[in-house]
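User: Hi, could you walk me through this structure? I'd like to ask about a few places in it as we go.

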Amino acid sequence: MKSQPGTKIYYTTDGSIPTAEKGTLYTDAVVVADRNGMPNVLTAAENIKKMYISGSGYDYVPKADEVAKCTVIRAVAVSPDQEMSDVVTRSFFVGNDVKTKYAGATVASLVIDPNDLLNAETGIHVLGNKYDEWSKTSEGAKIIRAREYWDYEGNYTQSGRDWERVAHMDYLEAESGSVEFSVPVGVRVRGGASRMYGQKGFNFYLREEYGQKNLKYPLISGDLDAEGKQIKKYKSFMLRNGGNDTEYSKIRDVFNQSMLGDRAYSVQAVRPCVLFLNGEYWGLYNLTEKYSDNSLENKYGVDKDNVVVFKEDEMDEGQDGDELLYQELWSYAEKDFTDDAVYEAFCGLMDIDSFADYYATEIYIANEDWNPEKNYMLWRARTPDPANPYADGKWRYMLYDTEYSMGLYGGGWGNDPAKANSFQNAVQQDALFVAVIKNKAFQQKFLAAIKEIGTKNFAQAACEEKLNEYTSIYKPLMQDYYTRFFGVDTWNRSKFDDTVQSITNFVKNRYRYIISYVEQGMK
């Protein structure tokens, strides 16, 4: 470590920001040793109690040797007049055979001030004061009595910029073991009900105020733009914990999206990524493209300031007045689509192939966590640009969070999830689809789309090949995850093979049932 003459260097190893008061004065070489097996810090019992709901099954206190570790060092130079330099953060993996242990994955080391995670008032990863306040309400008391953990509120369920904290990420390719980039990032806890799990998901944001406006790196191989070129610039990305599939395999959504890349809607590119948080193993995640105005600009060439995105019936990207565009679209739920003129007008607002493909997909996979107010997202260019076919002012869909599908929890239907009549479910809960499906021309388009999805996208041989590929990569990586969050003797460990088998069975049996439901339902 070097600094200007007359300055002193102070450093920390717990993720906190070093200062002359809180840091250790650097006087000689810092020894970076193998920390594996050393006492847990972030995952110590007193911190687990702050982070997780007692008795929920997500509050396992791991033993020291169940948490792999790296060494994180944050250093700052302080001048005689107490001016501080920028903080330098580095991660060192000693005693970890990254190349072998995390084969097939990337590795991210996230370093953040522990207070930003654990402080009762401002920490983003704890129950905290928000839980204390909520637990005293009548609603909170009722949910606590019922132990409905997915509806608990706490600091970790808060969202928005106020709950974003500044951190630093070192990112490695396991194959080479070398650091690919080292950047400051904003971080938030992400997800819906999956925030209750021990392993929570995270969103990351590059911001000029943090020191770097965007990330210029091919972060997710296979993340291609509309011309088939690898995307090499990111403003944001996320680490998904697997959503409803967090505890089991983490592959359901990854598998679904990987099989559907040729349909007329957006899918998310994904890579498996192992996270270390303040030097402690935090499990396997899916490094995933985050939909945004920036990602749509990168993928489709539509100016981000011209992008309108609605997510779960609310504007996610856009400006004042864009609500009228969405309201215009949904006004068609009240129109008579047996009139072909109405259908033709609707096709002027909606990429009808995207509409058909999207609904056919969600219905085919029997997604039980999907409706216009849940895991539903679409976008358009506000102002048409004749030079860009994706800026034609038509709405297009974006697929995400599909893991609650293909009989994730076994389902009913005579213990055969492939029998699920999700076409009837869609008709009952989606007024726009109910209206459009009455048009004879759309019925034929929809039937063709769902048949092709079943026979081509989810062809049994192709699915088994993909599942074998994911099993070879994810199953070994999941073993440390099971141990870290549930212990060595956990029932979760058997669920990976169960997941693969349930998907295989669904794919094998689904086509004949759903096509029959669709044909009967459209009569």
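User: Let's start with strands; which residue stands opposite Val72?

Analyst: Val72 stands opposite Ser91, which belongs to strand E4. Please keep in mind throughout that this is a predicted model.

User: OK, and how do E3 and E4 pair, and over how many bridges?

Analyst: Strand E3, which covers residues 71–78, pairs with E4 in the antiparallel sense, and the pairing runs over five bridges.

User: What is the order of the strands in the sheet?

Analyst: The order is E2-E1-E3-E4, in an open sheet of four strands whose pairing is antiparallel. The edge strands are E2, at residues 24–25, and E4, at residues 88–92, and each of these pairs on one side only.

User: And the loop between E1 and E2, where does Ser16 come in?

Analyst: Ser16 lies in that loop, which connects strand E1 (8–12) with E2.

User: Is Ser16 buried or exposed there?

Analyst: Ser16 counts as buried because its relative accessible area is 11%, and the cut-off for buried is under 20%.

User: What does Ser16 touch?

Analyst: If residues up to four places away in sequence are not counted, Ser16 touches Arg74, Asp113 and Pro114. In addition, the side chain of Ser16 makes a polar contact with the side chain of Asp14, at 2.6 Å.

User: Changing topic: which residues have the most contacts inside the largest nonpolar core?

Analyst: Those are Phe355 and Phe446, in a core that has 139 residues. Helix H14, residues 460–486, gives the largest share of this core, with ten residues. There is also a second, separate core of twelve residues, which includes Tyr291, Leu296, Tyr300 and Val307.

User: Back to Phe446, what does that one touch?

Analyst: Leaving out residues up to four places away in sequence, Phe446 touches a list of residues that includes Ala356, Tyr359, Ile363, Phe423 and Met522.

User: Which residues is Ser422 in contact with?

Analyst: Apart from neighbours within four places in sequence, Ser422 is in contact with Ile363, Ala366, Arg510 and Ile514. Ile363 also appears among the residues that Phe446 touches.

User: Where does Ser422 sit, and is it buried or exposed?

Analyst: Ser422 is in helix H11, which spans residues 422–429, and Ser422 is classed as buried because its relative accessible area is 9%.

User: Last one: how far apart are Ser422 and Thr122?

Analyst: Ser422 and Thr122 are 300 residues apart in sequence, and in space they are 42 Å apart, taken from C-alpha to C-alpha.

How values were computed: Residues are numbered from 1 along each chain as its sequence is written. This is a predicted model: local features need pLDDT of at least 70, side-chain atom pairs count only at pLDDT 80 or more; totals for chains, interfaces and linings use all residues. Side-chain values use heavy atoms; hydrogens and water are left out. Helices (H or I, at least four residues) and strands (E, at least two) are DSSP runs, numbered from the N terminus. Buried means under 20% relative accessible area, exposed over 50%, partly exposed in between (1.4 Å probe, protein chains only). Contact means heavy atoms within 4.5 Å. Two strands pair if DSSP finds at least two bridges between them. A nonpolar core is a set of buried Ala, Val, Leu, Ile, Met, Phe, Trp, Tyr and Cys residues joined through side-chain atoms within 4.5 Å. A polar contact is a pair of N or O atoms within 3.5 Å; within protein, one must be able to donate a hydrogen and the other to accept it, and residues adjacent in sequence count only if both atoms are side-chain atoms.
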